[in-house]
Every structure is written in structure tokens, then in C-alpha cells.
Amino acid sequence: MKPLVIGRSKIPRCSKAAKSLEIDFDFNKKSWMTSEICEKWVQKLDKRPIAKCRKIALVFDNCPAHPKEINQKLKNVTVFNLPPNTTSKLQPMDQRVIKNFKIHYRKRIVRKVITALENNQSMPKINLRESISEISKAWNYDVTDRTIRNNFAKAGFFVSNENSSSTEDEDDILLEEL
């Protein structure tokens with residue numbers, strides 16, 4: 001799946017030169033997730049697996065931007081809402097997947113800066129297009145299926161045969177390296 005990026009402009013200037021963005025993009029004045037954006041994203045997700053004959057379980061915490069009564073409108077996605085104050089224990093994405101993604105993204109940006117400085121170039125300007133490209137690469141190439149599986153296992157969604165501590169070690173090494 002493509003990451004969802006929320007910006008301020010309906011059509012970002014950087015997308016004019018690109019044939020297609022590597023992310024899903026939406027907008028509002030404050031660049032925040034809203035219930036309308038979330039509902040639109042979930043409905044798009046609901047249409048996606050029809051060709052693959054798949055069902056999706058989507059777990060939402062109690063964020064105000066998450067629509068409450070959306071299951072009636074969906075065919076292939078079932079939304080489960082977590083009880084209040086349980087996100088840190090039960091939501092796999094909040095446990096370490098998001099942290100892992102952010103570490104990889106920041107590592108890519110720091111590498112661009114260091115490479116420019118080593119080549120005696122001026123400090124690179126990281127515009128929206130560059131950020132979107134690095135977001136896409138970090139999510140698609142750096143955050144592994146294993147990291148995601150291990151974090152779902154840690155949250156109790158299923159039993160994993162792999163050592164879940166390997167993901168934590170992987171995250172810590174990346175942070176030290178950065």
C-alpha cells in the first residue's frame with residue numbers, strides 16, 4: 001500500500017512534473033487527518049481488494065479523526081475500534097512500525113545532506129517532491145514485512161515463529177547508526 005501524505009494544497013506543485021506520485025495524497029488547511037480524509041481513504045481501501053478476493057481487518061484507536069460508524073458502508077474491510085487508553089499496548093503500528101519508518105526516512109534525508117557536504121556542494125533543499133520520494137522509498141524498501149509481522153505478534157494478533165526481539169535490535173542499530 002502507498003503511504004498517505006496530507007498537505008495544504010489540493011494539487012501540490014511537485015506533482016505537476018511527476019506523472020504520478022508514489023503516495024496517496026490528500027489535503028486540508030492544517031495538513032491534519034480528518035474524519036472525511038480517513039473515511040475516503042478507508043473507502044478506497046475497501047474497493048482495492050475486490051479483484052484479489054480479500055478481506056481486511058482495520059484496527060482504529062480512539063482518535064477523533066477516525067470515523068465511528070463506517071462498517072455499514074464497507075464490503076471488504078471491517079473496522080475494529082480499540083477501547084480507550086489501549087493503543088500503546090494493542091496497536092502494532094504504534095508499537096514500533098512507525099518508529100522504524102521514521103528512522104529509515106530520517107536516515108535517507110541525513111545521507112543526502114552528508115553526501116552533498118562530502119562533495120563540497122551546498123546544503124540540499126528538501127522540498128515536498130524529495131520528501132515524498134524518500135517517504136515512498138523508506139516505506140516500500142526499508143520497512144520490512146518481518147518488522148510488521150513481529151509487531152503484530154507482539155501486540156498479540158498471532159503467534160510468530162520468528163524472534164520478535166530481532167526487530168527491536170534492528171531498530172536500535174539503525175538509530176545508533178543515524
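A pocket is an open set of grid points with protein on both sides within 12 Å along at least five of seven lines, and its lining residues have an atom within 4 Å of a point. With that in hand, the tour of this predicted model can begin with its overall build.

The chain holds seven helices and four strands. Followed along the sequence, these elements appear in the order β-α-β-α-β-β-α-α-α-α-α. Of the 178 residues in the chain, 37% count as buried. Confidence deserves an early look as well. The mean pLDDT of the chain is 82, with 83% of the residues reaching 70 or more. Helix α2 has the highest confidence, at 92, whereas helix α7 (residues 165–177) has the lowest, at a mean of 52. Where pLDDT is low, the predicted coordinates should not be read in detail.

The next stop is the largest pocket, whose volume is about 1,700 Å³. Its lining is made up of 38 residues, and those closest to the centre of the pocket are Met 1, Trp 41, Leu 58, Met 93 and Trp 139. Two or more lining residues come from each of β1 (4–7), α2 (35–47), β3 (56–60), α4 (92–118) and α6 (145–154). Helix α4 makes the greatest contribution to this lining, with eight residues. By chemical type, the lining comprises 26 nonpolar, three polar and nine charged residues.

Helix α4 comes up again in the largest nonpolar core. Eleven residues form this core: Val 5, Cys 14, Ile 23, Val 97, Phe 101, Tyr 105, Ile 109, Ile 132, Ile 135, Ala 138 and Val 143. Two elements, α4 and α5 (128–142), each give two or more residues to the core. Of the elements, α4 gives the most, with four residues. In soluble globular proteins, nonpolar side chains tend to be buried together.

One of the core residues, Ile 109, also serves as a landmark for Glu 130. The two are 21 residues apart along the chain, and their C-alpha atoms are separated by 9.0 Å. Glu 130 belongs to helix α5. Because its relative accessible area is 28%, Glu 130 is partly exposed.

Among the strands, β1 and β2 run parallel and are joined by four bridges. Within this pairing, Ile 6 has Asp 26 of β2 as its bridge partner. The side chains of β2 (residues 24–27) alternate along the strand. Asp 24 and Asp 26 point to one face and are buried, while Phe 25 and Phe 27 point to the other face and are not buried.

Finally, two loop residues stand out for their backbone angles. Most residues other than glycine have a negative phi. Ser 31, although not a glycine, has a positive phi of about 60°. This residue sits in the loop between β2 and α2. Ser 31 counts as partly exposed because its relative accessibility is 26%, a value that lies between the 20% and 50% cut-offs. Asn 120 is also a residue other than glycine with a positive phi, near 55°. Asn 120 is found in the loop between α4 and α5. With a relative accessibility of 73%, Asn 120 counts as exposed, since exposed means over 50%.

How values were computed: Residues numbered from 1 in each chain as written. Predicted model: local features only at pLDDT ≥ 70, side-chain atom pairs only at ≥ 80, totals over all residues. Heavy atoms only, no water. 1 Å grid on protein atoms, 1.4 Å probe; cavity = no way out; pocket = protein on both sides within 12 Å on 5 of 7 lines; lining within 4 Å. Points joined across faces, edges and corners; volume = space filled by probe spheres on them. Nonpolar A, V, L, I, M, F, W, Y, C, P; charged D, E, K, R; others polar. pLDDT = per-residue confidence, 0-100. Buried < 20%, exposed > 50% of the residue type's maximum accessible area, 1.4 Å probe, protein only. Pairing = 2+ DSSP bridges. Core = buried A, V, L, I, M, F, W, Y, C linked by side-chain atoms within 4.5 Å.
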